[in-house]
Each structure stands twice: as structure tokens, then as C-alpha cells.
Amino acid sequence: MAEAPAAVLAELRVPASAEFISVAKRVASSLGVKLGFGLEEIDELSIAVAQACSGSIESAEEMWGAGATLKLSYSSTGAGIAVDVEALAPTSREALSLPRRQPVRRSSPGVEAAERALAEAMISLFVDELRHQVDASRGQIRYRMVKYLVS
């Protein structure tokens with residue numbers, strides 16, 4: 001499906017911490033209601049946003065340690081909603097000024113890789129398009145998800 005030019009609905013910046021995932025989900029849900037999504041589609045979008053935030057947080061902690069920022073951009077595509085989740089390095093001009101804290105090591109690198117693969121597979125179940133990019137050399141971590149309205 002060809003994507004119409006996106007109209008920005010909202011932008012959110014929060015610390016890259018699990019306790020702020022619920023804020024990102026609520027914004028997505030509210031905008032989904034505004035755009036005419038049904039309850040099931042809103043739930044799916046909310047799950048996908050939560051997984052993308054979680055994956056971005058884990059990748060950011062591996063790449064930069066603690067102190068990163070999540071930047072979420074919510075856009076109307078005309079046929080649905082696009083959500084971009086980007087982790088900003090603590091040194092980025094766009095990042096929030098946050099106190100540094102120690103990252104929590106969750107599990108072994110092999111288990112973390114399997115968890116990321118599972119999270120990405122889960123996201124793809126709930127959205128119509130998914131792009132994920134981690135570029136350590138450029139300091140980029142980004143998810144782009146698009147969910148279309150069912151007519």
C-alpha cells in the first residue's frame with residue numbers, strides 16, 4: 001500500500017527507561033482513537049509501541065550505558081498511523097538532560113539477542129509495516145511502525 005505524506009500528530013521525549021513505556025502507549029492509544037481505530041487495532045498498536053520502546057531501551061543501554069532518551073514521533077499517514085521510536089544518545093543535542101545511572105544487566109548476550117528477535121517478531125504481528133535499524137557507528141537505534149486503518 002502506497003504511503004501518503006505523513007502529518008505529524010505528536011512528538012514525545014522521555015527518559016529511555018521502562019517506567020516511561022506506559023506514557024508512550026497511552027499517546028499511541030489516544031491518537032489511534034482520534035484516527036478511528038477500533039479497540040483491537042489500538043491494543044495491537046499499543047503492544048507494538050511497548051515492544052519497540054523496550055527494544056530501543058535495551059539497545060541504547062548496550063550502546064551508550066544509561067542516560068539515553070526515547071524520541072517518539074506519531075504521524076497520520078492518511079490511511080493509518082506511523083510511529084517512529086528512536087533512541088537518542090546521552091550526548092545528542094536532542095536528548096533530555098538526565099542524571100547518569102548505572103544500566104542493569106538483564107541476561108547474557110545470547111539470551112538478549114534471542115529476546116530482541118522475539119520482540120521484533122512480536123511487533124511485526126501487530127503492525128502492517130516494520131523497519132528496525134541499529135547502526136552503532138552512527139549512534140542510531142530506530143524502529144518505524146505503520147498500522148493501517150481497516151476499511
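The structure holds six salt bridges, a salt bridge being a side-chain nitrogen of Lys or Arg within 4 Å of a carboxyl oxygen of Asp or Glu. This is a predicted model, in which local features need pLDDT of at least 70 and side-chain atom pairs count only at pLDDT 80 or more, while totals for chains, interfaces and linings use all residues. Residues are numbered from 1 along each chain as its sequence is written, and side-chain values use heavy atoms, with hydrogens and water left out.

**Sheet and helices**

- An open sheet of five strands follows the order β1-β2-β3-β5-β4 with antiparallel pairing, where two strands pair if DSSP finds at least two bridges between them, and where strands (E, at least two residues) and helices (H or I, at least four residues) are DSSP runs numbered from the N terminus.
- The edges are taken by β1 (7-15) and β4 (129-135), each with a single partner strand, so one side of each has no neighbour in the sheet.
- Strand β2 (residues 69-76) pairs with strand β3 (residues 80-88) in the antiparallel sense over eight bridges, and Lys71 stands opposite Glu86 in β3.
- Helix α1 (residues 21-35) lies across β1, β2 and β3 and runs at about 165° to β1, whereas helix α2 (residues 39-64) lies across β2, β3, β4 and β5 (140-148) and runs at about 175° to β5; contact means heavy atoms within 4.5 Å, and angles run from 0 to 180 degrees between N-to-C directions of axes, which are lines fitted to C-alpha atoms, for helices over the stretch in contact.

**Salt bridges**

- The side chains of Lys147 and Glu44 meet at 2.7 Å, N to O; because Lys147 lies in strand β5 and Glu44 in helix α2, the pair ties together parts that are 103 residues apart in sequence.
- Both Lys147 and Glu44 are buried, that is, under 20% relative accessible area, with exposed meaning over 50% and partly exposed in between (1.4 Å probe, protein chains only).
- Arg13 and Glu94 form a salt bridge at 3.4 Å, N to O, which links strand β1 with the loop between β3 and α3 across 81 residues.
- Glu86 and Arg142 form a salt bridge at 3.9 Å, N to O, linking strand β3 to strand β5 across 56 residues; Glu86 is buried at 16% relative accessible area, while Arg142 is partly exposed at 33%.
- Salt bridges with shared partners join Glu11, Arg13, Lys71 and Glu94 into one network.
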